[in-house]
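Here's a quick tour for anyone about to sit down with this protein at the bench. Have the viewer open and follow along.

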Amino acid sequence: MAKHVLVTGGAGFIGSHVVDAYVERGWRVTVVDDLSTGDRRNVNPRASFIEADIRKVPLDEIRPELISHHAAQMDVRRSVDDPLFDANVNILGSLALLQKAAELGVKRFIFASTGGAIYGEPQFAPQTEQHPTNPVSPYGCAKLAVEHYLNYFRVVHGLPTVALRYANVYGPRQNSKGEAGVVAIFADRLRKSEKAIINGDGQQTRDFVYVADVVAANMKVTESADAGPLNVGTGVETSINALAKLIGVRTEHGPAKAGEQRRSVLASQFGRTKLADGLRETLAWFNRSR
Ligand SMILES: NC(=O)c1ccc[n+]([C@@H]2O[C@H](COP(=O)([O-])OP(=O)(O)OC[C@H]3O[C@@H](n4cnc5c(N)ncnc54)[C@H](O)[C@@H]3O)[C@@H](O)[C@H]2O)c1
């Protein structure tokens with residue numbers, strides 16, 4: 001019988017690619033998503049879809065062998081404006097899933113964590129998993145808190161958990177409306193022949209990892225016994241100015257955002273795709289689809 005995976009956030013950008021990979025590998029897939037930022041059209045037609053909040057998932061009925069937890073409130077600025085809401089979804093929602101997963105004897109629990117927001121400003125670069133954790137946003141605090149719960153459930157309840165700390169993920173299906181995905185925003189402006197606004201001097205750097213490499217990391221830990229946390233990045237630092245140039249979008253500089261991190265780059269075994277190649281695929285998708 002096919003193995004059964006529950007992907008929370010499977011109507012979103014990264015989660016929907018993870019769903020596709022499991023479907024391709026012959027898994028039975030159930031998606032739970034409240035469509036708050038996700039899109040029903042992203043959901044693979046061969047997956048079952050349940051429109052629900054992660055805080056109210058009928059896990060007793062779904063009974064998956066594996067949980068890939070990608071649903072989250074993932075807007076850092078919203079977490080600053082409303083830390084209670086962020087903690088409610090990102091901490092309590094995750095905790096509810098973990099508790100139920102342990103109760104039901106789920107065989108693997110994969111958590112989409114974050115590199116950038118958990119480490120804070122680099123004390124050394126690239127940042128390894130041993131880099132001190134200094135989150136400076138409620139979003140980063142929540143992700144780190146969940147990593148501690150993962151550890152607790154693994155050690156005390158024997159739930160095989162693993163955390164993947166993503167760098168800045170980009171690729172097809174990324175939403176250009178929020179403020180998280182700078183590649184998606186620049187690609188959208190380029191398509192509309194509009195100027196993109198760069199916050200501040202544009203010398204701030206990020207580690208841009210292609211979504212296919214993130215999916216490969218998910219598939220690897222599905223089969224492994226890793227507990228993590230594991231970085232999923234490229235080790236390559238790219239400034240926002242350089243990114244705009246690569247994408248070919250016209251830009252203008254706006255005021256710097258208070259508290260914005262200056263640098264972020266993760267040491268990782270997973271980033272394989274060259275930025276120029278990943279961007280080519282991403283821009284082609286934006287031109288085709290919207
Ligand atoms: N995109 C990145 O660069 C990045 C970096 C680090 C970590 N992450 C993490 O990866 C995961 C996926 O992010 P993404 O970029 O695909 O974002 P996304 O917004 O496209 O996906 C998140 C999905 O979760 C759903 N969701 C939100 N709140 C929910 C709730 N309460 N109940 C059920 N569903 C809910 C949304 O509708 C959406 O489909 C998140 O956990 C995010 O924190 C993303």
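## A salt bridge between the domains

Start with Arg173 and Asp20: they form a salt bridge, with the closest N and O atoms 2.9 Å apart. Keep in mind that this is a predicted model. A search of the whole structure turns up 14 salt bridges. The Arg173–Asp20 pair ties together distant parts of the chain, 153 residues apart. Arg173 sits in the loop between β7 (168-170) and α7 (182-191), while Asp20 belongs to helix α1.

How many salt bridges does the rule find across the interface of domain 1 and domain 2? Just one. Polar contacts add to the picture, with 14 residue pairs counted between domain 1 and domain 2 (both residues at pLDDT 80 or more).

## How the two domains meet

The domain assignment splits the chain into domain 1 (4-168 + 208-232) and domain 2 (171-207 + 237-289). For the contact, domain 1 supplies 35 residues and domain 2 supplies 33. Measure from C-alpha centre to C-alpha centre and you get 23 Å between domain 1 and domain 2.

The size of an interface is often quoted as the accessible area lost when the parts come together. Here, about 2,900 Å² is buried between domain 1 and domain 2, and carbon and sulfur atoms give 57% of that.

## The domain 1 face

So much for totals; now for one side of the contact. Which elements give two or more residues to the side of domain 1 that touches domain 2? The helices are α1 (13-24), α3 (76-81), α5 (116-119) and α8 (211-223). The strands are β6 (161-166), β10 (208-210) and β11 (230-232). Sorted by type, the residues on this side of domain 1 come out as 16 nonpolar, 11 polar and eight charged.

## Around the ligand

There are 28 residues around the ligand, and Phe13, Ile14, Asp33, Thr37 and Tyr139 come nearest.

The backbone also gets close to the ligand's polar atoms. A polar backbone atom of Asp34 is 3.1 Å from a ligand nitrogen. On the oxygen side, a backbone N or O atom of Ser36 lies 3.1 Å from a ligand oxygen, and for a backbone N or O atom of Gly38 the distance to a ligand oxygen is 2.9 Å.

## Backbone oddities

Most residues other than glycine have a negative phi, and most peptide bonds are trans. Leu35 has a positive phi of about 60° even though it is not a glycine. You'll find Leu35 in the loop between β2 (28-33) and β3 (48-51).

Then come two cis peptide bonds. From Ala125 to Pro126 the bond is cis, with omega near -5°, and Pro126 is in the loop between α5 and α6 (138-157). The bond from Gly228 to Pro229 is cis too, with omega near 5°; Pro229 is placed in the loop between α8 and β11.

Terms used
Residues are numbered from 1 along each chain as its sequence is written. This is a predicted model: local features need pLDDT of at least 70, side-chain atom pairs count only at pLDDT 80 or more; totals for chains, interfaces and linings use all residues. Side-chain values use heavy atoms; hydrogens and water are left out. Domain bounds come from an automatic or database domain assignment. Contact means heavy atoms within 4.5 Å. Buried area is the accessible area (1.4 Å probe) that two parts lose on being put together, summed over both. A salt bridge is a side-chain nitrogen of Lys or Arg within 4 Å of a carboxyl oxygen of Asp or Glu. A polar contact is a pair of N or O atoms within 3.5 Å; within protein, one must be able to donate a hydrogen and the other to accept it, and residues adjacent in sequence count only if both atoms are side-chain atoms. Helices (H or I, at least four residues) and strands (E, at least two) are DSSP runs, numbered from the N terminus. Ala, Val, Leu, Ile, Met, Phe, Trp, Tyr, Cys and Pro count as nonpolar, Asp, Glu, Lys and Arg as charged, and the others, Gly among them, as polar. A residue is near a molecule or strand if one of its heavy atoms lies within 4 Å of it.
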